Amino acid sequence: MDARHAAGEPRLLISRKALLHNAAVLRRRLHPSVRLCAILKADAYGHGAVMAADALTRAGRPGEVSTGADAIAVASIDEAAALGPINVPVLIFRPVENAFVAGQRSALESAINENWVLTLCSPSAAEDVARIALATGRRASVQVMIDTGMTRSGVDIAALPELLRRIESRPSLRLAGLCTHFACADEPRHPFTVEQLERFKQATDPAAQFTPGRFLRHAANSGAIFFNPDAHLDMVRPGIALYGIDPTGRPNMDRHLRPVMKWVAPLLMIRPVAKGAGVGYGQSWIAPRDTYVGLAPVGYADGYLRRFSPGAVMRLNDRIVPVIGRVSMDLTTVDLGPDPDAAVGDDVTLLDDDPLSPCSVYALAKWADTIPYEIFCRIGSRIRRVCVDDETSHATTDSQEAA
Ligand SMILES: *Cc1c(COP(=O)(O)O)cnc(C)c1O
């Protein structure tokens, strides 16, 4: 078979319908008064933040109540700026520190001008933001991240009253929220989540009673939304579940989440390989029989990790084909067997949107000894994100969507 070049390109197929479906699944778990803040950091976990923000903040037809997100959150000011105009509150979770080091000040000024909510963990950060807000002539919206046991970012509970007094005393600051983050919420009924929630409530009840409804209390990530309803409070912050992945890291069909992403690439070449020939760097795979090897134009530079091989598989039409040899920077080889039954240009699926597929994100995470989050975040910028069902195609069926 001659090596011909394929016309198609590798791409991530992103289902807007699946994203909105997952938001609705999460919404059903919540009391109607609880807000949903969609976590779109790291380019929406690799799915494409602009597309995700658009889907989640423009859901529903004009005049309808939004079925998507009441707020969105990212890690950094740069990430918020990259989203473009957003018609719901935007929260930035990386704590403000060193506000006066190079470049930071102008970034904070623009964040204050946009009324994005900045995260504070220390009185000095509160002072800095208050001064910058005063200079810009606007009030800065801030939230306080409280460390209830994660021991990462966040103000210690003992230091919280002083920080709140500081915020209260600065007219250029407006307290928008008090929040915490759970260390073990991905494990159902983990006692530490209950303990963290208890600490959070105790630390924030006085302020909440003193000024009820003035700011939001929030704590729950995807895991806690499912496993700790007591932690829903005023707002929840789902990330991974919005993208259709179970927070436990294992598929669970009872929760009805639908994976949003599918990663496909056209077969670039199909070549006969004689028994005994070595394939790829290090010649780590030796053909055990005469066979055909397929070439996919994706490699570790795209986040198709070197550690996937040996072990990982791809789907080709209705067959599962093993990844063989070493994954290289731009290319990956699969064994098509003695009867390749495929054509150059046929799409191989590298990452499937069926949670039970042998090339689901769960399976890939297992081969690389990591979690689905990391697989998603590593997918490179060379891969185009394509929305397969924008709002103009509401009638798209599931089978068309998979095509
Ligand atoms: C990333 C993040 C989340 C979302 O976590 P998931 O486990 O993906 O639901 C929620 N809150 C904060 C502060 C985060 O950084």
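Student: How many disulfides does the count come to by this rule?

Tutor: A disulfide is a covalent bond between the sulfur atoms of two cysteines. Here it is assigned to a pair of cysteine sulfur atoms within 2.5 Å, and the count comes to 0 disulfides. The model is predicted, so local features need pLDDT of at least 70 and side-chain atom pairs pLDDT 80 or more, while totals for chains, interfaces and linings use all residues. Residues are numbered from 1 along each chain as its sequence is written, and side-chain values use heavy atoms, without hydrogens and water.

Student: Why does Cys 184 form no bond?

Tutor: The closest cysteine sulfur, in Cys 179, is 18 Å from that of Cys 184, which is too far for a bond. Cys 184 is also buried, at 18% relative accessibility; buried means under 20% relative accessible area, exposed over 50%, and partly exposed in between (1.4 Å probe, protein chains only).

Student: What of Cys 377?

Tutor: Its sulfur is 17 Å from the closest cysteine sulfur, in Cys 37, again too far for a bond. Cys 377 is partly exposed, with a relative accessible area of 42%.

Student: Which side chains have a polar atom beside an oxygen or nitrogen atom of the ligand?

Tutor: A polar contact is a pair of N or O atoms within 3.5 Å; within protein, one must be able to donate a hydrogen and the other to accept it, and residues adjacent in sequence count only if both atoms are side-chain atoms. Lys 41 places a polar side-chain atom 2.6 Å from a ligand oxygen atom, and Tyr 45 likewise has one 2.6 Å from an oxygen atom of the ligand. For Arg 237, the partner is a ligand nitrogen atom, at 2.9 Å.
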